[in-house]
Protein chains: 2
Amino acid sequence: MKYNDYISVDCVIFGFDFENLNVLVVERTLRDENGVEEFSDLTLTGNHIYEDETINDAANRVLFDLTGLTGIYLEQFKTFAHPDRLKKENDRKWLLHDGRNPDKRIVSIGHFALLSKRDVTLQWKGRNVKWVPYHEIGELAFDHNEILEKAVVALREKVKHEPIGFELLPEKFTLTQLQRVYEIILGTEFDKRNFRKKVSRMKYLIPLDEKQTGVAHKPARLYMFSRDVYEKTKKELIDFWV
Amino acid sequence: MKYNDYISVDCVIFGFDFENLNVLVVERTLRDENGVEEFSDLTLTGNHIYEDETINDAANRVLFDLTGLTGIYLEQFKTFAHPDRLKKENDRKWLLHDGRNPDKRIVSIGHFALLSKRDVTLQWKGRNVKWVPYHEIGELAFDHNEILEKAVVALREKVKHEPIGFELLPEKFTLTQLQRVYEIILGTEFDKRNFRKKVSRMKYLIPLDEKQTGVAHKPARLYMFSRDVYEKTKKELIDFWV
DNA sequence: CCAAAAGTGTTTAGTATACACCCATGT
DNA sequence: ACATGGGTGTATACTAAACACTTTTGG
């Protein structure tokens with residue numbers, strides 16, 4: 001199957017581990033003909049699309065290749081096509097080495113994906129893939145720092161208005177875990193009692209007859225998110241006013 | 001200057017006239033070598049980008065060419081790149097006639113723009129450009145119906161959470177006009193007294209010492225939006241709960 | 001003087017915020 | 001027994017929703 005050489009998808013894959021928002025990155029190491037390392041840095045995950053593939057399929061393919069998972073929460077959030085986005089010195093070298101034309105303008109369609117780090121074992125497939133906490137990410141290849149920042153902004157906006165925090169947790173989760181998701185994404189803290197009062201009004205958050213086990217404290221009740229109930233009960237909110 | 005032949009921007013230009021949400025469309029008429037019309041339909045406004053141009057600049061250029069205006073509210077909302085998006089019979093004919101390759105996959109980066117219809121006199125430049133009320137738009141060329149629908153969805157979401165309704169009104173507007181903007185975009189009705197109570201809490205909505213003139217009823221006070229005040233007073237809202 | 005839209009207040013229900021203690025489990 | 005996080009209620013302030021009449025202008 002033939003790749004399209006000017007359309008790519010990049011995926012900012014967020015993985016939550018109850019402590020940090022982590023980002024999945026790939027090591028990129030360029031070696032000269034003698035195998036001596038010229039440089040090594042990190043990129044976001046992405047790929048070109050096949051000629052007859054939709055961008056949504058391509059993004060899901062990238063996710064599947066790295067995680068082996070399907071049905072992951074995935075959202076297209078912004079497209080990047082600045083004329084100079086691949087023109088840093090190392091990026092040109094990398095593309096040339098890879099047999100690609102560094103002067104070809106490539107559109108990257110940015111996506112973000114949400115998953116629970118606990119649900120995934122990474123598929124290495126020859127490339128070194130790893131989780132890095134968002135706040136510890138340094139300089140990335142290409143324009144990937146910009147893509148990451150825009151992804152985080154999009155995630156913050158989305159999480160404020162739609163119930164997607166659950167996507168970063170395992171299927172069954174505790175209310176404290178849910179609260180941490182929101183606190184970490186939004187960079188705030190909530191009062192436990194008020195938070196629980198709020199969520200108790202969300203019918204789509206289903207309490208289970210099941211508790212945590214193996215924790216050195218009172219075990220917490222587990223909850224599930226029901227998209228069905230959400231779709232049936234959601235109201236339109238209007239809050240454009242400050 | 002050379003166009004890039006695989007990256008285009010499409011702009012869904014919304015123009016409000018106090019009654020309808022209108023969309024700016026362009027007539028596309030294909031004639032054979034004898035000048036006989038083969039078909040005629042409508043497209044959204046858009047263009048290819050120049051090789052050294054950012055997508056934001058390209059979208060603003062499209063807006064400027066049609067309206068003569070700069071500084072219009074403009075937002076990139078979604079990118080369209082389905083392999084079959086240009087492959088309807090009429091679209092292939094049109095592209096061929098235009099000397100373009102209908103099999104080349106073209107990415108379209110979708111934007112929407114907001115303006116007051118009253119502020120603009122259209123620049124024709126040989127092509128027939130016109131306003132059509134959103135609800136009266138029929139079948140459009142290419143995948144432009146899909147782009148339009150997605151633009152409307154994006155507009156509705158955005159308008160619920162950020163103060164952009166003003167962008168569809170002239171600089172000075174009445175509260176009733178503002179109410180109509182929201183009612184028409186969201187397809188609901190608001191109580192006049194409650195609406196005014198809400199907006200009176202928005203510090204960034206500045207009452208002027210000026211009234212409507214020439215209306216056959218009690219003239220309404222005019223208001224302005226202040227982005228300055230908005231940026232200084234906005235709070236973070238969290239409403240992911242139903 | 002008539003038509004048309006502007007402008008204004010109160011009541012009730014619901015939501016937001018602030019705040020402190022006892023409980024169940026593993027070690 | 002102690003350390004750890006789980007789980008709960010009340011009072012006050014603010015916001016939402018429902019609802020009807022008088023005012024000002026042009027024609």
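## A tour of the two-chain model

Chain A contains six helices and eight strands, and the coordinates you have open are those of a predicted model. With chain A selected and coloured by secondary structure, you can follow the order of elements along the sequence, which runs β-β-β-α-β-α-β-β-α-α-α-β-β-α.

**The whole of chain A**

Keep chain A alone in view for a moment and orient it along its principal axes, where the C-alpha trace spans about 60 × 40 × 35 Å. Of the 242 residues in this chain, 50% are buried, and if you draw the contacts with a separation of 6 or more, 68% of them join residues that are 24 or more positions apart. Switching to a surface representation shows about 12200 Å² exposed by chain A, with carbon and sulfur atoms supplying 47% of that area. If you then mark the charges, you will find 38 positive and 40 negative ones in chain A, and their mean positions are 7 Å apart.

**Both copies together**

Now bring chain B back into view and superpose it on chain A: a turn of 180° with a shift of 0.0 Å along the axis lays chain B on chain A with an RMSD of 0.0 Å. The two copies are therefore related as by a two-fold rotation axis. The same surface serves both copies, as 100% of the contact residues of chain B recur in chain A.

**Strand β4 and A:Gln76**

Select A:Gln76 next, which sits in strand β4 (residues 73–80) of chain A. With a relative accessibility of 18%, A:Gln76 counts as buried, because the cut-off for that class is under 20%. Which residues is A:Gln76 in contact with, leaving aside its neighbours within four places in sequence? Within chain A they are A:Ile55, A:Ile109, A:Gly110 and A:His111, while from chain B they are B:Lys78 and B:Thr79. For a distance across the chain, pick A:Tyr204 as well: it is 128 residues from A:Gln76 along the chain, and the two C-alpha atoms are separated by 25 Å.

**Helix α3 and the loop before it**

Move on to helix α3 of chain A, residues 144–161, whose 18 residues reach 26 Å from the first C-alpha to the last, close to the 26 Å expected at 1.5 Å a residue. Showing its side chains lets you pick out the buried residues of α3(A), among them A:Ile147, A:Leu148, A:Ala151, A:Val152, A:Leu155 and A:Val159. The buried set also includes A:His144, A:Lys160 and A:His161.

In the loop between β6 (129–133) and α3 of chain A, select A:Phe142. Its phi is near 50°, a positive value in a residue other than glycine, and at 14% relative accessibility A:Phe142 counts as buried.

**Three further loop residues**

A:Phe18 also has a positive phi, of about 75°, although it is not a glycine; look for A:Phe18 in the loop between β1 (3–16) and β2 (21–31) of chain A.

Turn next to A:Asp191, in the loop between α4 (175–186) and α5 (192–200) of chain A. Is A:Asp191 buried or partly exposed? A:Asp191 is partly exposed, its relative accessible area being 37%. The C-alpha atoms of A:Asp191 and A:Gln179, which are 12 residues apart along the chain, are separated by 9.3 Å.

The last stop is in chain B, where B:Met202 occupies the loop between α5 (192–200) and β7 (205–211). At 1% relative accessibility B:Met202 counts as buried, and its C-alpha atom is separated by 22 Å from that of B:Phe18, 184 residues apart along the chain.

Methods
Residues are numbered from 1 along each chain as its sequence is written. Chains are lettered from A and ligands numbered from 1 in the order in which they are written. This is a predicted model: local features need pLDDT of at least 70, side-chain atom pairs count only at pLDDT 80 or more; totals for chains, interfaces and linings use all residues. Side-chain values use heavy atoms; hydrogens and water are left out. Copies are superposed by least squares on the C-alpha atoms of residues with pLDDT of at least 70 in both. Contact means heavy atoms within 4.5 Å. Helices (H or I, at least four residues) and strands (E, at least two) are DSSP runs, numbered from the N terminus. The expected span of a helix is 1.5 Å times one less than its number of residues. Buried means under 20% relative accessible area, exposed over 50%, partly exposed in between (1.4 Å probe, protein chains only). Accessible areas come from the Shrake-Rupley method with a 1.4 Å probe; for residues, only the protein chains shown count as cover. Lys and Arg count as positive and Asp and Glu as negative; His and the chain ends are not counted. The place of a charge is taken as NZ of Lys, CZ of Arg, CG of Asp or CD of Glu.
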